[in-house]
Amino acid sequence: MNTREQQLTEAFVALSDTLSDDVDALVLLDRLTRHSVALTGIDAAGVMLVNARGQLRPATATVHTVELTEMWQTQIRQGPCIDAFDQRIPVHAIDLEADQDRWPEFVPLALASGYQSAHAVPLIAQSQPIGALNLLAQRPTPLNGAETQLLRALADVATTALMTWKKEGLRTEDIATRTQAVLSGKAVFDTATGMLAATAAISPALAVRHLTTFAGRHRRRPTEIAADIVQRRITPQAVLGELS
């Protein structure tokens with residue numbers, strides 16, 4: 001098996017894993033973004049999910065600037081993620097400077113963040129859009145047909161895993177509930193990592209590393225550990241101590 005085939009196999013296996021004790025929905029979405037970057041020419045990626053009010057919200061991102069561009073898109077209702085979600089098709093902007101008329105408010109913000117190219121792939125469950133995969137590059141970067149198909153396949157596998165997390169069958173009315181649960185889990189995770197960062201005066205990225213390492217060693221899901229930290233069932237010091 002060559003390196004490319006091995007990467008593809010590892011990506012699809014990782015995204016379809018709903019059984020491991022240390023894997024949860026946010027971990028799956030993080031894997032989706034990281035494999036999307038590794039398997040294409042893009043530099044950064046993120047996922048947005050729809051909440052109970054029908055609004056897109058950031059769920060995970062490979063770098064903080066991606067999450068910022070996602071927040072801008074939701075605020076101004078412009079950008080590739082918004083269009084991909086609304087139209088239920090992949091959206092491509094190879095050179096953002098050429099798309100000023102298309103997204104007059106979003107493009108300057110994306111360029112100011114260092115991104116010159118943007119793409120988005122919708123996340124769809126049972127014909128219902130639940131979010132979008134956001135893909136950004138620091139230079140004009142096209143995605144060929146094979147890469148777009150690959151990204152759609154990765155997104156489909158991750159979405160299926162996300163929606164079938166529980167053993168019970170998925171009803172249409174459950175879809176919004178499950179995406180909202182993921183977003184709620186992210187809020188708790190961010191709060192917990194913020195507590196760790198404040199306690200040890202470290203960066204949020206290092207706080208995430210502490211939390212995920214602690215969860216892995218104890219064979220628990222990161223969002224469960226995050227909830228325990230927020231609810232004071234585990235002290236920040238206990239989590240921080242295991243990586244010191």
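This section describes strand S1 with its pairing partners, and helix H4, in a predicted model.

Strand S1 spans residues 44-50, and seven of its seven residues are buried, so the strand is largely enclosed by the rest of the structure. In a regular strand the side chains alternate between the two faces of the sheet. In S1, one direction is taken by Ala44, Gly46, Met48 and Val50, while Ala45, Val47 and Leu49 point the other way. Residues of both sets are buried, that is, each has a relative accessible area under 20%.

Two strands pair with S1. Strand S5, residues 128-137, pairs with S1 in the antiparallel sense over six bridges; within this pairing, Gly46 of S1 lies opposite Asn134 of S5. Strand S2, formed by residues 56-61, is also antiparallel to S1, and five bridges join the two. Here Leu49 of S1 is placed opposite Arg57 of S2. S1 and S2 together make a hairpin in which five residues separate the strands. The turn of this hairpin contains Gly54, whose phi is positive, at about 80°.

Helix H4 comprises residues 80-87. Six of its eight residues are buried, and the helix is therefore largely enclosed by the rest of the structure. The buried residues are Pro80, Cys81, Ile82, Asp83, Ala84 and Phe85. An α-helix has 3.6 residues a turn, so residues three or four places apart point the same way. Just after H4, Arg88 adopts a positive phi of about 65°.

Note on methods
Residues are numbered from 1 along each chain as its sequence is written. This is a predicted model: local features need pLDDT of at least 70, side-chain atom pairs count only at pLDDT 80 or more; totals for chains, interfaces and linings use all residues. Side-chain values use heavy atoms; hydrogens and water are left out. Buried means under 20% relative accessible area, exposed over 50%, partly exposed in between (1.4 Å probe, protein chains only). Helices (H or I, at least four residues) and strands (E, at least two) are DSSP runs, numbered from the N terminus. Two strands pair if DSSP finds at least two bridges between them.
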